[in-house]
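Visitor: Please take me slowly through one part of this model, beginning with a single residue and moving on to whatever is packed inside.

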Amino acid sequence: MDSIFNAYGSDSDSESISPASSTSTAASSAAAPATASAASAQPVHLVRRTVNSAPFVNPALKTVLHRPGFIPPTTRELTTNVKAATLLAPIQGPQHPHRRDMDVMGGTKLATGGYKEEAVMEKWNFHEQFHTFHAQGYARDDVGGGVIGNVANYVKREGLKKPAPVGLKKPAPVAASAGGALTRAGGGRGKREEEKMTAQQQQERQQQIQQQRRKRKMEAGEEEEELGEEDDGPWAPVKGGPVLTELEAGTLTEEQKRHRKELAERKALKHRGYDEEEDHDRRDERKVAHLLPPRHDRDTVASEPSTQFHGKGQKDYQGRSWVEPPAGLREVETDHPCYLPKRCTHRYAGHEKGVQAIEFSPGTGHLLLSGSLDGTCKMWSVYGERQLRRTYSGHGAAVRCINFNADGTRFLSGGFDRFLRLWDTETGQCISTVTNRKVPYAAKFYPPNDKLFVFAASDNRLYTFDWTSGEMVQEYNHHLSAVNTVTFYDNNTKFASTSDDKKMLLWEWDIPVPIKYIAEPGMHSMPAVTPSPDGGFVACQSLDNTIKIFSCRDRFKLLHKKVFKGHTIAGFACQPAFSPNNRYLASGDGEGKLHFWDFKNTRSLAKYRAHDNGPCIGLTWHPVESSMVASCGWDGLIKLWE
């Protein structure tokens with residue numbers, strides 16, 4: 001029992017010893033020489049002591065727990081914005097035996113932006129040595145220095161006189177110059193020293209290496225073919241003199257010569273001088289250039305016009321031309337009764353693409369002119385066999401607008417190729433071609449003088465041109481966006497224009513100042529306008545799916561009560577049409593339907609399914625027949641309704 005007691009000897013640490021135990025212990029110590037019987041008579045008590053096995057921790061850190069802003073290591077959510085140094089502070093306490101050692105703030109691994117790892121060499125350097133080892137049998141040892149692998153091959157290829165020992169820390173210098181000793185170190189040190197060399201030193205070094213190689217080859221007595229040599233391979237200098245190219249030798253083929261010529265022409269086009277018209281075109285259409293066809297440059301020319309007659313003969317047995325009206329047609333009457341058509345009686349098919357505009361010949365209506373998206377205009381007969389009579393080809397892009405002159409002997413066409421052409425109806429000859437490098441959206445002959453015409457352009461202006469001279473005689477510039485329509489009224493002494501700026505301007509002929517602005521907060525763009533046969537009204541197709549009526553008798557004004565609804569045309573310039581007696585108003589819509597209204601009370605009367613795969617874009621009422629209506633659509637068909 002004494003051995004156990006001595007093992008728990010007194011200490012300054014905390015002990016659990018009662019006063020009685022202390023007395024017994026002291027008595028036992030004093031009575032140690034006493035007899036054994038006396039010692040055995042006293043009771044023995046085991047002392048229970050507390051053992052602290054935790055490692056030593058700085059007592060001063062106990063106050064850190066109570067500091068404001070202290071973050072315990074077990075915290076998963078931060079409620080304050082603390083500094084990075086606080087988050088990266090060293091962890092107090094014993095080190096975990098199996099945890100990865102982490103450096104503190106300011107060390108080599110931890111940083112504010114993440115954790116850094118040391119690398120032996122960069123990726124590019126590793127691949128370089130990897131391929132060198134597999135190709136030549138040696139590689140540089142960046143850890144121990146020197147070269148590993150086939151040292152003899154390394155010495156031979158690098159031009160060294162003595163083999164570099166494996167594991168060499170500082171290789172012997174290869175060449176000396178004014179800048180000092182140049183070493184062929186295996187690690188990154190030699191490469192850095194080479195970068196510090198001047199251009200002259202590098203050139204001297206290369207010359208020395210080349211001399212050593214030539215000397216070695218002369219000693220060997222033969223030229224060794226070595227892969228990767230600077231004087232071998234596809235990029236090595238040519239041996240035995242320069243090699244002439246096909247151009248220098250004059251052996252180019254015809255195709256190669258043509259290709260070189262095209263490249264030279266394209267290069268010359270890019271470096272041409274300043275052109276004022278091209279610069280103005282770029283300025284005028286800078287906001288809507290992505291919506292328009294390509295602009296003209298100084299080399300743009302119109303396509304070659306052509307025509308083709310499709311009938312049996314251009315004259316009948318009596319010697320009359322095919323453009324003359326058949327016998328027995330009555331004259332135009334604006335007060336004859338008109339009726340709604342009931343069904344489609346004929347279909348004209350011949351255009352390769354959709355049909356954009358149609359128009360009956362003035363006076364008799366025995367011919368029907370159509371302009372198509374395929375760039376052609378066609379003339380169709382309305383009576384008799386109702387067949388195609390002539391095709392007029394002369395536009396490099398879609399035809400946008402067409403218009404007959406007063407007697408129908410000529411017509412004009414404007415296309416998205418930015419050209420306007422004047423055609424002879426009978427012969428198909430292109431009389432004149434005019435362009436101001438803008439897209440013509442609408443073009444109309446000046447009724448009193450068919451040598452003049454006015455057209456609405458994409459540069460927010462209207463222009464008057466003379467066919468005989470091909471020159472512009474007047475310009476109207478007050479719209480803020482592309483002009484869509486031109487409509488004559490008041491005995492052809494005035495005309496109205498509508499634009500994408502949601503305005504209507506009234507002009508007197510040949511006066512470039514508008515006489516009236518019509519612009520209201522509720523107005524929308526009106527891309528299609530048609531005058532009534534008696535000249536008292538103008539029907540405007542509005543993009544809010546309505547048709548607005550303007551009165552142009554006493555004064556030009558909007559009739560707020562005459563609004564025609566029920567069709568959907570938003571996004572399309574569907575042409576409205578009046579009946580010859582002003583009783584009915586008709587229009588197509590964006591869904592290919594045909595609508596009829598009563599002009600007096602604006603009540604919808606009929607609706608037909610006219611065209612598929614697109615809108616019913618064009619519509620016109622026959623000037624003589626009481627119930628004949630022609631419609632066209634983007635399905636490529638022209639239909640007659642009676």
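**From two loops to the core**

Guide: Thr 602 counts as partly exposed, because its relative accessibility is 21%, where partly exposed is the range between buried (under 20% relative accessible area) and exposed (over 50%), computed with a 1.4 Å probe on protein chains only. The model is predicted, so local features need pLDDT of at least 70 and side-chain atom pairs count only at pLDDT 80 or more, while totals for chains, interfaces and linings use all residues. Residues are numbered from 1 along each chain as its sequence is written, and side-chain values use heavy atoms, with hydrogens and water left out.

Thr 602 sits in the loop that joins β33 (593-598) to β34 (604-609), the strands being DSSP runs of E with at least two residues, numbered from the N terminus. Although Thr 602 is not a glycine, its phi is positive, at about 60°. Further along the chain, the loop between β34 and β35 (618-621) holds Asn 613, which is likewise a residue other than glycine with a positive phi, near 55°. Asn 613 is exposed, because its relative accessible area is 73%.

From these loops we can turn to the interior. The largest nonpolar core (buried Ala, Val, Leu, Ile, Met, Phe, Trp, Tyr and Cys residues joined through side-chain atoms within 4.5 Å) has 16 residues, and those with the most contacts inside it are Ile 358, Leu 368 and Ile 638. At least two residues of this core come from each of β11 (355-360), β36 (629-632) and β37 (637-641), and β11 gives the largest share, three residues. Apart from this core lies another, of 15 residues, among them Tyr 584, Tyr 608, Cys 616 and Trp 641. In soluble globular proteins, nonpolar side chains tend to be buried together.

Ile 358 deserves a closer look of its own. If we leave aside its neighbours within four places in sequence, Ile 358 is in contact (heavy atoms within 4.5 Å) with a list of residues that includes Leu 368, Leu 369, Ser 370 and Ile 402. The contacts of Ile 358 also include Gly 618, Leu 619 and Thr 620, and, still later in the chain, Ala 630, Ser 631, Cys 632 and Ile 638 are among them.

Technical notes
Helix = DSSP H or I, 4+ residues; strand = E, 2+ residues; numbered from the N terminus.
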